[in-house]
There are 2 protein chains.
Amino acid sequence: MKVPKPSTCVAPFSCNSRKEAIGRRVYGTDTWLARRFLQTIGDPPLLVTLWDDTKIAPPGSTPAVGMIIRDRGALLRLLSNPQLHFGDDYCTGRIEIEGGLAQFMETVYRAMGQTPRFRRTSEPAAYRRHQPHLNSLEGSRQNIHHHYDIGNDFYRLWLDDEMLYTCAYFPDPNASLEAAQIAKMDLVCRKLCLRPGQTVVEAGCGWGALARHMARHYGAIVKAYNISHEQIAYSRERAKLEGLEGRVEYVEDDYRAIAGTYDAFVSVGMLEHVGPDHYQELGGVIERSLTEQGLGLIHTIGQNVAAPLSPWFLKRIFPGSYPPTLREMMALFEPFEFTILDVENLRLHYAKTCENWLDRFEQNRDQIREMFDERFIRAWRLYLSGCVANFSIGELQLFQVVFSRPGNNRIHLTRSHMIADTGVP
Amino acid sequence: MKVPKPSTCVAPFSCNSRKEAIGRRVYGTDTWLARRFLQTIGDPPLLVTLWDDTKIAPPGSTPAVGMIIRDRGALLRLLSNPQLHFGDDYCTGRIEIEGGLAQFMETVYRAMGQTPRFRRTSEPAAYRRHQPHLNSLEGSRQNIHHHYDIGNDFYRLWLDDEMLYTCAYFPDPNASLEAAQIAKMDLVCRKLCLRPGQTVVEAGCGWGALARHMARHYGAIVKAYNISHEQIAYSRERAKLEGLEGRVEYVEDDYRAIAGTYDAFVSVGMLEHVGPDHYQELGGVIERSLTEQGLGLIHTIGQNVAAPLSPWFLKRIFPGSYPPTLREMMALFEPFEFTILDVENLRLHYAKTCENWLDRFEQNRDQIREMFDERFIRAWRLYLSGCVANFSIGELQLFQVVFSRPGNNRIHLTRSHMIADTGVP
């Protein structure tokens, strides 16, 4: 059995359960339960270390990652509902990981995907499972506030200079995060065939980078909606500083409040928060907002099968979120006879993006520790590592979908304009 | 009112109904019925000429196309079910078109799409409407025989040299049909990242051009399935003549009989004949046929909404056919957790392809007349013109979908390999 590398869990913190648990006796039932746990999750090549240093691994496996379980309670909770309790017990330090958290999660997810209990298959209304808040106007506001309004200073520490919190695009695999985020914005603008003087409405604009980019580099007039108060405040301030005030307007409101008609509709990383129950509503907003010759682009995390996200993730990180399958996304388009022109899956770009975020997050751990407690830091490390793992092994996708009205023939015949600017179609 | 251009219906033929009808009196009820017919189809800018030369057009319209109705029966049939009877009465000469058949159809389809009766909306099981044959093993055989086994000599007169009967790809809008068909095959091969020595299975190979192209230019070993006897005989003969026998095998059998595993699965223009009831079955065939790192490509006519094809088209041209929406196509992929990597809509390329076919068809009309009767010629002119119209106005789409298994990371990060060969991912 290969011994796991030393822990990369760089800042294990002491907690009561750890102090109490260490030195406690391990019984035969405990090793049997640990063995049972490994079986349940598909016997991944994983070394489990119990609180008295007893080690258990699937027979014949050569683990490269390890998991230290600090007390019996954590072991029992793992057996009952690993998808919920692993996260919470990792955050309190009752569980520690050896060999890299993202690598651990990849290893475990791969094995779980092969078991009947955790096999990913589509289920009706998967998005409703484990969801405490619906994405009504008020529900959306709460859900978005929970994640995005925890402090711009925190996000600044691990996002790029322009504060893009969505999948970047790496035309060169060694591009920096900064370069890749700019390349992503250019890709979006080229897919939308954006021209000077055209009007754009953006649904869910984050910290406003894409709207500023469209105005500055493509001469567009952009109206950008977002319900996160902190993000809107930041966006307005920055547009003002950069002299873009007349060309970019940030509106603190829900996508359902979008008014007017525009040459382009764009939404990057909002659909995950809309919920399939509201796709047709969003489609109706696009239907009334897009000019006859307009183009639309929706960029969203997606899935191959309609399965719910983990209950821990929904509870602690992104309440109300759901990454749709392409089939589910069609509820946006089909009722309004929109034409799908192009779909690109940028999954591996998102794995790279999340790796960059995680690296920067760890590099700035000390500063983050001044803002939040250790439990928060471990939750975010787990979330970012989980994203790296999910995009790497293909449990999550990133779909960029370009669409138009059905009879729009003012479109490019080939994709060469997406690679480089080739003029008006 | 703008007078329509002289008839481009180049070979009007005499038929009994015409002789009987000309000179017959037109009553007030007839002009009222003609007016009613125009209203029903959304008042397109269309000049209707009745059998005694009475002319009717929507008030205020400036028609550029015209329709001559030769007798009262044809007028009544148009009123009862235009989508079925227009075709049959056009074929027998009871209806003539002035101003170009494709242009006429574009004009009429656009107007019909705006009416409540003919508005295109998704309906459950749209593909079952007007369908006499299901696509069981035997049903498929009958349906395919009906269209593809009417003589290779006929198809040779209006297809390209390689006998491709699917959407071409025009990297340059002025490319010849020959060049565009070769460009299409290269596009497919590049999307599949095809390398020398790789194995490919093709479902529904037509006259076998793609399989030969893959073997000749990409060094692939191809097994190609088709249930059309004439197409398989032609394919084998041609592969033999071109010295490709050892590298391309044509199998006269149904896609459901595909055996073995392959580095690539490809199907160009077959899904239209499969029927949504059998998509999951086809998905299962792909699931068992594709290697772990394999890529798949499905190229199919599609729609924005799940609406049935016209009953005339289903009766006379392609029984058992149905162009799916992207949502419906997902039944192929989602149950097997396939990842959609890329979707390209080549709709305008198909409009161009059909224009090329129609031109060549008309150029070779005299030779075709030696093979078939006038009714057949008019039916095929109507079919090809209808395709030009449907792809031009966006009632039909052409989706090229690339997919893989979920955890396949041996894929290109960008699309540059689709534009030009960039090596192994």
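**View 1. Cysteines without disulfides.** The count over all chains is 0 disulfides, a disulfide being a pair of cysteine sulfur atoms within 2.5 Å. This is a predicted model, in which local features need pLDDT of at least 70, side-chain atom pairs count only at pLDDT 80 or more, and totals for chains, interfaces and linings use all residues. Residues are numbered from 1 along each chain as its sequence is written, chains are lettered from A and ligands numbered from 1 in the order in which they are written, and side-chain values use heavy atoms, with hydrogens and water left out. Cys205(B) has its closest cysteine sulfur in Cys189(B), 14 Å away, which is too far for a bond. Cys354(B) has its closest cysteine sulfur in Cys387(B), at 4.7 Å, again too far for a bond. Cys205(B) is buried, with 6% relative accessibility. Cys354(B) is buried too, at 1%. (Buried means under 20% relative accessible area, exposed over 50%, partly exposed in between, with a 1.4 Å probe and protein chains only.)

**View 2. The two copies.** A turn of 180 degrees and a shift of 0.0 Å along the axis lay chain A on chain B, with an RMSD of 0.0 Å. That is how a two-fold axis relates copies. The superposition is by least squares on the C-alpha atoms of residues with pLDDT of at least 70 in both copies. Of the interface residues of chain A, 100% are also interface residues in chain B, so the copies meet through the same surface.

**View 3. The largest nonpolar core.** This core has 81 residues. Met67(A), Phe104(A), Trp158(A), Tyr165(A) and Trp380(A) have the most contacts inside it. Helix 16 of chain A (residues 374-393) gives the most to this core, with 11 residues. A second, separate core has 79 residues, among them Leu38(B), Leu79(B), Leu314(B) and Cys354(B). (A nonpolar core is a set of buried Ala, Val, Leu, Ile, Met, Phe, Trp, Tyr and Cys residues joined through side-chain atoms within 4.5 Å. Helices, H or I of at least four residues, and strands, E of at least two, are DSSP runs numbered from the N terminus.)

**View 4. Around Tyr165(A).** Neighbours within four places in sequence are left aside here. Among the contacts of Tyr165(A) are His147(A), Tyr148(A), Trp158(A), Trp207(A), Phe318(A), Trp380(A) and Tyr383(A). (Contact means heavy atoms within 4.5 Å.)

**View 5. Around Phe318(B).** Phe318(B) sits in the loop between helix 12 (311-316) and helix 13 (326-333) of chain B. Phe318(B) counts as buried, at 10% relative accessibility. Beyond four places in sequence, Phe318(B) touches His147(B), Tyr148(B), Tyr165(B), His273(B), Phe313(B) and Tyr383(B). Phe318(B) and Tyr383(B) are 65 residues apart in sequence, and their C-alpha atoms are 9.8 Å apart in space.

**View 6. An open sheet of chain A.** The sheet has 4 strands in the order 2-1-3-4, with mixed pairing. Strand 2 (55-56) and strand 4 (95-98) of chain A stand at the edges with a single partner strand each, so one side of each has no neighbour in the sheet. Strand 1 (residues 46-49) and strand 3 (residues 65-69) of chain A run parallel, joined by 4 bridges. (Two strands pair if DSSP finds at least two bridges between them.) Thr49(A) stands opposite Ile68(A) in strand 3 of chain A.

**View 7. Helices on that sheet.** Helix 3 (residues 72-80) of chain A lies across strand 3 and strand 4 of chain A, at about 120 degrees to strand 3. Helix 4 (residues 82-91) of chain A packs on the sheet, touching strand 3 and strand 4 of chain A, and makes about 90 degrees with strand 4. (Axes are lines fitted to C-alpha atoms, for helices over the stretch in contact, and angles run from 0 to 180 degrees between N-to-C directions.)

**View 8. Strand 9 of chain A.** Strand 9 (residues 290-302) is mostly covered, with 10 of its 13 residues buried. Strand 8 (residues 262-268) of chain A runs parallel to strand 9, and 6 bridges join them. Ala264(A) stands opposite Leu295(A) in strand 9 of chain A.

**View 9. Helix 13 of chain A.** In helix 13 (residues 326-333), 6 of the 8 residues are buried, so the rest of the structure largely encloses it. The buried residues are Leu326(A), Glu328(A), Met329(A), Met330(A), Leu332(A) and Phe333(A). They pack against helix 11 (279-289), strand 9, strand 10 (339-345) and strand 11 (397-404) of chain A, together with helix 13 and strand 10 (339-345) of chain B.

**View 10. Two positive phi angles.** Glu337(A) is not a glycine, yet has a positive phi of about 55 degrees. Glu337(A) lies in the loop between helix 13 and strand 10 of chain A, and is buried at 18% relative accessible area. Ala125(B), not a glycine either, has a positive phi of about 55 degrees. Ala125(B) lies in the loop between helix 5 (101-112) and helix 6 (137-148) of chain B, and is partly exposed at 29%.
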